[in-house]
Amino acid sequence: MKPITYSELKGNSKPFYALAAILAVFILIALACAYYMEHSGHHVTGMTNQIVWGMPHVFAIFLIVAASGALNVASIGTVFGKPIYKPLGRLSGLLAIALLVGGLIVLVLDLGRPDRLIVAMTSYNFKSIFAWNIFLYVGFMVVVAAYLWVQMERRMNRFAKTAGMLAFIWRLVLTTGTGSIFGFLVAREAYDSAIMAPLFIAMSFSFGLAVYILILLAAYHGSNRDIGNVVTRKLGRLLGIFIGTVLFFTAIQHLNNLYAAEHGAVERFILVDGGIYTLLFWAGQVVVGGLIPLFLVFRPASADSQDSSRDIILASILVILGGFAQVYVIVIGGQAFPLNLFPGMEVSSGFHDGVVSAYAPSFPEIGLGLGGVALAGLIILLGIKVLRFLPVSLADAAIDPHHKAASSKP
Amino acid sequence: MSSKTKDKKMTGTPGFDPARRSFLAAMATVAGVTLAPGVVLYGISKSSPANAAATSDVRWGMLIDLGRCDNGCDDCVSACAKENGLRGFGRPDTDAQWIRKVDIKDPETGYSKSLPVMCQHCEKPPCVDVCPTGASFKRADGIVLVNKHTCIGCRYCMMACPYKARSFVHETLEDQKPHAPRGKGTVESCTLCVHRIDSDRQPACVEACSDSGGGAMLFGDLNDPDSEISKRVATYASQQIRADLGLNPGIRYRNL
């Protein structure tokens, strides 16, 4: 196998500039939305005193979870020593940083007082998982940046495994922290469970890889570089394993709750009569984001390489849509179900006690969230233009030492 | 040893030096003159609660007797709004509410009751645990507050509070009361009328309840065994909302 050559994108075509301009417009819209929300107050959003976290948090959590998962491709190459993943590692690190920045900017711009970010950086309550997360997120960027450097600087390559191991452990801790934001909420029946941490880790594997596959294929098809079936099929099958893991943890989460009579009402709400949340759970997360992509990646591979690559692209898109549905059900559905102040009693008040809270996402929230996605996209786009993240070719022969032997067999 | 015999012994001790004694006396006078004003001022400051630091010797709490709380009465709610300058914007989903009347009904028996619910001023408040900046804090005397200077408006405390006691300020406010600082983009909740407590007065809801003749709300120091509230909670059964969470709220209910 020849050594892998990496190169920057030329990045001087019309579509390149058009894409960059579109992403920039989304970012500007997001800034305008954030300004409008901060200037008028959050009453212009769909968020209320009942649904205190809304669409921005759905976007932010999806991006942050996907960020840690996007790093897995690099980890599999350097930490677990799978040679075929090695050429994919650099892009994996870039995605991890870009998605995290995109998610965090949404979170910060949604704060009631984003101008006080400096307070969040200087005044800490170390009992708060949020405070830990500030260190975990910033630390993650530093660790991944170092990891990228040792991968890209030939003289430092010998440290790649150590840096990769550190980054891998860090990302597991980071996603544990993100899941525990919900897991630690003792009073909310939909959360309050240690399973939130491993569930979020499984979600990160799946969402992160789906995003990775789409960006990788878009970059290669967009820049007319070769990418072979070996890479896409391998990533597709790996995605299938991760989709199955998410479904497994989701099943355990609900089975465990269903067993306890006290959680019967909240489970009934999510699984049976929760309206939009029930629909998003079954149709969005389970069918669109789970079963269909599982079928797409595991059905017997089509002989036509274009067909199989199309299946994997479709599966990745569905995983992302299903992932948004899942995060929406967790974040919004979990808050919509009323807090149980008086177990066993019927409760009502002028402050929405005892009733399912309504929530309708508003334009500023969605605009802000999409801006985070656009920012991540722009960072990736500029990153691959200025630095050598992408191998010149991912054609089968270029990356798979066994390719010729395999293809020569009948 | 009596002081007399002590004196005797001292005068009888060889090497007794009258000059040393007068020197010590002079030093004592100087020290006394120097320290006395400070001691006096310290005493004055201690005697004035408005200037005194909150101390954990005290645990402020409330006992709400639902046997005396009228279903249709919301005097405590309106007194709170007036005292703290809470004005609605006609948007019930986002308007702030520090205290509310909750109607409960046992579906098995048909028993129903209405009770006021506000920040329960927990001994182990989840809102304080989760706050990333420490803006949500518990004073030494048990009052749970939000530091308006360091709250970044992340609303994690609202997610964590089991009592739905906190509100986020969703709009620009004007003409706030100086004793009840509030501001857009920060979280707030019942302060137990800390400004009143610090000047030896009762919370506004308690006063209003008493004025209306209900007298259902009793405020006092749960740490002082001689206080009326301590005597009552020691004599009669009282309950805490969601006692199973182990948060030990300072607000207790009777006849719940």
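In this predicted model, two strands are taken as paired if DSSP finds at least two bridges between them.

Q: Which residue of strand 2 of chain B stands opposite Ser348(A)?

A: Strand 2 of chain A and strand 2 of chain B, the latter formed by residues 99-105, run antiparallel and are joined by four bridges. Within strand 2 of chain B, the residue opposite Ser348(A) is Asp103(B).

Q: Which strands stand at the edges of the open sheet of three strands, and why is one side of each left without a neighbour?

A: The sheet is open, pairs its strands in the antiparallel sense and has the order 2(A)-2(B)-3(B). Each edge strand has a single partner strand, so one of its sides has no neighbour in the sheet. The edge strands are strand 2 (346-349) of chain A and strand 3 (112-118) of chain B.

Q: By what angle are neighbouring strands of this sheet turned against each other on average?

A: The sheet in question is the open one with the order 2(A)-2(B)-3(B). With direction ignored, the average turn between its neighbouring strands is 30°.

Q: Which helix of chain B packs on the sheet, and what angle does its direction make with that of strand 2 of chain B?

A: The helix that packs on the sheet is helix 3 of chain B, residues 75-84, and it touches strand 2 and strand 3 of chain B. Its direction and that of strand 2 of chain B make an angle of about 160°.

Q: Which residue is the bridge partner of Ile64(B) in strand 8 of chain B?

A: Strand 8 of chain B pairs with strand 1 (residues 60-65) of chain B over five bridges, in the antiparallel sense. Strand 8 covers residues 217-221 and is largely enclosed by the rest of the structure, because four of its five residues are buried. The partner of Ile64(B) in this strand is Met217(B).

Q: What radius of gyration does chain A have?

A: Chain A contains 15 helices and three strands, and its C-alpha trace spans about 70 × 50 × 40 Å along the principal axes. A compact globule of 410 residues would have a radius of gyration near 22 Å. The value for chain A agrees with this, at 22 Å.

Q: How many of the 24 residues of helix 13 of chain A are buried?

A: Helix 13 comprises residues 363-386 of chain A, and its end C-alpha atoms are 34 Å apart, in agreement with the span expected at 1.5 Å a residue. In chain A, buried residues make up 52% of the 410 residues. Helix 13 of chain A is mostly covered, and its number of buried residues is 17.

Note on methods. Residues are numbered from 1 along each chain as its sequence is written. Chains are lettered from A and ligands numbered from 1 in the order in which they are written. This is a predicted model: local features need pLDDT of at least 70, side-chain atom pairs count only at pLDDT 80 or more; totals for chains, interfaces and linings use all residues. Helices (H or I, at least four residues) and strands (E, at least two) are DSSP runs, numbered from the N terminus. Axes are lines fitted to C-alpha atoms, for helices over the stretch in contact, and angles run from 0 to 180 degrees between N-to-C directions. Two residues are in contact if their C-beta atoms, placed from the backbone, lie within 7 Å. The radius of gyration is taken over C-alpha atoms; the globule rule is 2.2 Å times the number of residues to the power 0.38. A residue is buried if 20 or more other C-beta atoms lie within 10 Å of its own, exposed if 12 or fewer, and partly exposed in between; C-beta atoms are placed from the backbone. The expected span of a helix is 1.5 Å times one less than its number of residues.
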